[in-house]
Amino acid sequence: MPSTIPEILKIIPLGGLGEIGKNTMVISYGNDMILVDAGLAFPTDEMLGVDLVLPDISFLVENQSKLKGLAITHGHEDHIGGIPFILKEMSIPVIYGPALALGLLEGKLKEGGLEDRTSLRQVRPREKVKIGCFEVQFIRCTHSIADSFSLIIKTPVGTLIHTGDFKFDFTPVDGELFDIASLTAAADEGVLLLMSDSTNTEREGYTPSEKTVWNKLNEVFANAKQRIIVTTFASNVHRVRQVLQAALKYDRKVCILGRSMLNLAGIARELGYMTFPDGLLLPVDQIKKLPMEKVVILTTGSQGEPLSALTRIANDEHKQIKIVKGDTVIISATPIPGNERSVANTINALFTRGAEVIYGRDSGVHVSGHACREEQKLMINLCQPKFFMPIHGEYRMLVSHCELATQCGIPEENTFVLENGDVLEVTADSARKEGHVKAGLILVDSSRHWHINDAIVEDRRHLSEDGLVTVALTLDHERRVLAGPDVNLKGVILPRGIPAEEFVIKVQAVVKAIIDDRSVMDKMEDRELRTHLTAALGKYFDERMRANPLVQILLHNVSVDADKIGKFKRPPTTTSR
Ligand SMILES: [Zn+2]
């Protein structure tokens, strides 16, 4: 009898490892595959013109017949924001998730006309669902958005725990406690692999409870003489809820600015995650009629996003709300890495206009939603896994989290730092990194609903740093030069003391050395000639200016004989920077 090779469990992150954001994890066994979360990320400053970043899902598309379902841990964009983009390419049989996440997702699917590409199924705490050969149990965890879950996943080779995003908040504002009992119950039966959130692995100690923010909010509300403006993440339901409570307590009315904030407050109230009386919220035209000391403005813009309400208010570009002296602005969030500059600009602008701004990690108006090192140790201790794989974090954070696991007694060889696309093969008694699937970035310009090629972003970066050099040539049918080379410089910084006209002549000389060579012109087709000229100019700029401008060669072919229209009478055009 032929021996049967046992199927191997494969853990394949497509996003969220080596980065913050776009958390997307494949778990596969034989012909069954599930996804845990499918998120998006926001672009870094270098990704010019990019609005959203998605994981490359070609692996999913190739294996779509195996995909039995998707389990969502919670409703943050970096966990659900990629779903509509996946559904544009393929269907997902069932999406299981908490009510709030599904409420947010439903709106996105309606907007994209994608409702018939999947079916949404709400799960309750401790509920177990069978997805293919996996049994996924959703257990309550604590995080900065309400209704968050960690997952206990039973597979044919053993039990996995995927923490989702978490912190241990022992006094959560909604009273929903972390289901530690379920973690320990799983540990009693044996946990094969723990995959744990690494976001705050560089921070010692414990993340304070969300409730601690209440004390500071209370203090600010008690002392504010005039208007209060608060910004936070729209998705931070707990925070929004506390701001509304403070407004009620201090007899102020609230105006919500920003589509995402309004949307979330609406869904959260409808689903019962927030309660507030009718009449607490007022539209902007009505709130303006109230005295300043009766007003709270709750707005998007905590990350300094250019089009957000707060950024426009700070820059005096908002039509209805102007900052006046005496306003108190609470920045109830910390910048996501990469947004520090734009947040600082907003804060500067607010101070300039006379507002008092309360901001920063130590101000007491914000706490993180992620576990610090002591909580990460607690998670490892509770689960006592055989193998450990840090998730949700940049590479150094993953390494540091593995060190933590080793300190907690997990042998170093049982800890695995993976990158997106890496495959972790797991059996009942072994785990190893083996192979790689296609993983990468898809860049999206959301205003045009279109993907942006990496090369375009690279060109834009190139342009922004070193400018553009255009060389135009007109050739006749025998590849003789009829006109040009015309050289045009845009945004190119010239070597000190050299006027633009003189520099253009030097560039033309480089081009002429090539195009005056008959042997080159006879043998090269347009494409080859362009490449050759680009390389020669690239070398010249690198050597002379240590710069790397984008070079564009424009070849214009005409079917006339140069001899019949006279030779090179037109002088080359020179253009300034
Ligand atoms: Zn989250």
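The buried residues of helix H12 have quite a mix of cover in this predicted model. What lies over them includes strand E11 (158–162), helix H5 (180–189), strand E12 (191–197), strand E18 (385–391) and helix H13. The residues being covered are Glu 375, Gln 376, Met 379, Ile 380, Leu 382 and Cys 383, each of them buried. Around the helix axis they take up an arc of only 165°, so they sit on the same side of H12. That fits a general feature of such helices: with 3.6 residues to a turn in an α-helix, residues three or four places apart point the same way.

One of the covering elements, H13, can be looked at in more detail. H12 spans residues 373–383 and H13 spans residues 395–407; the two pack with their axes 10 Å apart, at an angle of about 55°. Angles from 65 to 115 degrees would count as roughly perpendicular and those under 35 as roughly parallel, so H12 and H13 are oblique to each other. Their crossing is right-handed. On the H12 side, the contact is made by Arg 373, Gln 376, Lys 377 and Ile 380, while H13 brings His 401, Leu 404 and Ala 405. Sorted by character, the residues of this contact come out as 3 nonpolar, 2 polar and 2 charged. Gln 376 and Ile 380 turn up again here, having already been listed among the buried residues of H12. Just past the end of the helix comes Gln 384, which has a positive phi, near 45°.

Helix H5, another of the elements over the buried residues of H12, holds Ala 185. This alanine has 13 C-beta neighbours inside 10 Å, and therefore counts as partly exposed. Its C-alpha atom is 9.3 Å from that of Leu 382, although 197 residues separate Ala 185 and Leu 382 along the chain. Leu 382, for its part, is one of the buried residues of H12.

A second alanine, Ala 428, lies in the loop between strand E19 (422–426) and strand E20 (431–436). With 13 other C-beta atoms within 10 Å, Ala 428 is partly exposed. Setting aside neighbours within four places in sequence, Ala 428 is in contact with Val 157 and Gly 158. There is also a long stretch of chain between Ala 428 and Ile 8: they are 420 residues apart in sequence, yet their C-alpha atoms are separated by 9.1 Å.

Note on methods:
Residues numbered from 1 in each chain as written. Predicted model: local features only at pLDDT ≥ 70, side-chain atom pairs only at ≥ 80, totals over all residues. Axes fitted to C-alpha atoms, helices over the stretch in contact; angles between N-to-C directions. Helix = DSSP H or I, 4+ residues; strand = E, 2+ residues; numbered from the N terminus. Parallel < 35°, antiparallel > 145°, perpendicular 65-115°, else oblique. Left-handed = near helix turned anticlockwise from the far one by under 90°. Contact = placed C-beta atoms within 7 Å. Nonpolar A, V, L, I, M, F, W, Y, C, P; charged D, E, K, R; others polar. Buried ≥ 20, exposed ≤ 12 C-beta atoms within 10 Å, placed from the backbone. Arc of directions from axis to C-beta.
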